[in-house]
Every structure is written in C-alpha cells, then in structure tokens.
Amino acid sequence: MEDQMVKVVGERFCVPYTMELVVKRKLQSFSKSLYEAFDSTGNFLLQVDGGVWKFQKKRVMKDPAGLPVATLREKQALSWKHQWMIHQGESSERNHFLCTVQKSNALRIKNNLDVFLGNRYKDHGRDFHVTGSFSSLSFKVIRANTVIAEVRHNFTWGSCKGKESFKVKVYPEVDYAFIVALLVIMNESDGP
C-alpha cells in the first residue's frame, strides 16, 4: 500500500501513529445498542447509538461534543446482503454519501464485508475487505493486500448480559471513525 492517508469519515480521525482503541457495546433493548470508543488512556472519542426506524437499522456516530459525525443506515432490512450506507453527519443526501458496506456472500457462515467508496461505487471492485472469524466477533480490515486495522473481541461474562468489549488496532494514517463504523456494522449484521 502506498503511504497515503485512508480517510473515509474525515481527515481529523487519521493520526500518524498506530492507535489502540477500546470499544464497548451495551445492548439497551432488543433493537437498540450503544457503542462507545475510548483511546488507550481512557479518553472518550466516539459514541454510536440508534435503533430500528421503519424496519431499518439506523446508527448515528457522534464526537465527544455530541455532534453527528456519520450516520449508518441499513439499506434493506430484509435483504440477505445486509447492505449499509454511510453518510456524513446525519444526512441522507447523495452529496454526503461516503460508502456502501455489504456482505461479501450472503450464504457464507463466516462474516465478510466489502466496502465500496461513494465516489466509485460499482465502477470497479471493492475498496476495502473486512474478513471475520468463524468462532468470534474478531476481524481484520484489508485494503489491497495490506491489513489497515484489526479488531479483537474480548469475551467476558458481561458478553452474556449484552455487554461486549473490543480491542481495536488502527494503523497509522487510517481513519479510526471509519474502522469503528465497520465494527458497528459487522456486529449489527449478526445481531438484533
């Protein structure tokens, strides 16, 4: 991979060093989850919450000031592909469209996602690939043939009570908000 910044949600979420995050998920109800992302020193970075609206999942990512950063919407809740659209802020307008995320193959047990950037959707192959594990919620994000982020699920007894924890390693110059969005989509594609 060339030495270039991987910015999808925004350049302000790219840092010049490897970033270690902890993302905590709390199931608030059958259709509503809250995700919170912290850096390695415990500083609050991002929050993602939302529920089901008109049979569609919608999650809004906010910064520490509570301002909307990105909105994740499931395109067709009853589709086998589990396709999601990510837009800037709380917009759903075409000019704020960032990317599409969908299951690589609807019939596979292993959870794999393909990401197509908004300005190039369907013009060529996927821009990123997310490859999961058969036995856990852990996964890697790949661009070309290079791993740009790794997510490791930490199973605890709290996992049985609707509380999940993830360790996220985001490599230099990679948009950590984008990686957190992929974590949310990967989990929402499997869960309620």
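How much area does the protein expose, and what share of it do carbon and sulfur atoms supply? Show the surface of this predicted model: about 10200 Å² is exposed, and 51% of that comes from carbon and sulfur atoms. Of the 192 residues, 48% count as buried.

Next, switch to a cartoon view. There are 13 strands and 1 helix. Following the sequence, the strands come one after another and the helix ends the pattern.

Now select residues 176-190, which form helix α1. This helix gives 11 residues to the largest nonpolar core, the most of any contributor. That core has 47 residues in total. Those touching the most other members are L46, M61, I86, V101, V168, F178 and I179.

Pick V168 from that group and display its surroundings. Leaving aside residues up to four places away in sequence, V168 touches M19, E20, L21, V23, E150, V151, I179 and L183.

Move on to strand β11, residues 139-143. Which of its residues lie on the covered face, and which on the uncovered one? F139, V141 and R143 are on the covered face, while K140 and I142 are on the uncovered face.

Add the strands that pair with β11. Strand β10 (residues 128-132) runs antiparallel to β11, joined by 4 bridges; here G132 stands opposite F139. Strand β12 (residues 146-154) also pairs with β11 in the antiparallel sense, over 5 bridges. I142 has V147 in β12 as its bridge partner.

Finally, zoom in on the hairpin of β11 and β12. There are 2 residues between the strands, and A144 takes a positive phi near 60 degrees.

Technical notes:
Residues are numbered from 1 along each chain as its sequence is written. This is a predicted model: local features need pLDDT of at least 70, side-chain atom pairs count only at pLDDT 80 or more; totals for chains, interfaces and linings use all residues. Side-chain values use heavy atoms; hydrogens and water are left out. A nonpolar core is a set of buried Ala, Val, Leu, Ile, Met, Phe, Trp, Tyr and Cys residues joined through side-chain atoms within 4.5 Å. Buried means under 20% relative accessible area, exposed over 50%, partly exposed in between (1.4 Å probe, protein chains only). Contact means heavy atoms within 4.5 Å. Accessible areas come from the Shrake-Rupley method with a 1.4 Å probe; for residues, only the protein chains shown count as cover. Two strands pair if DSSP finds at least two bridges between them.
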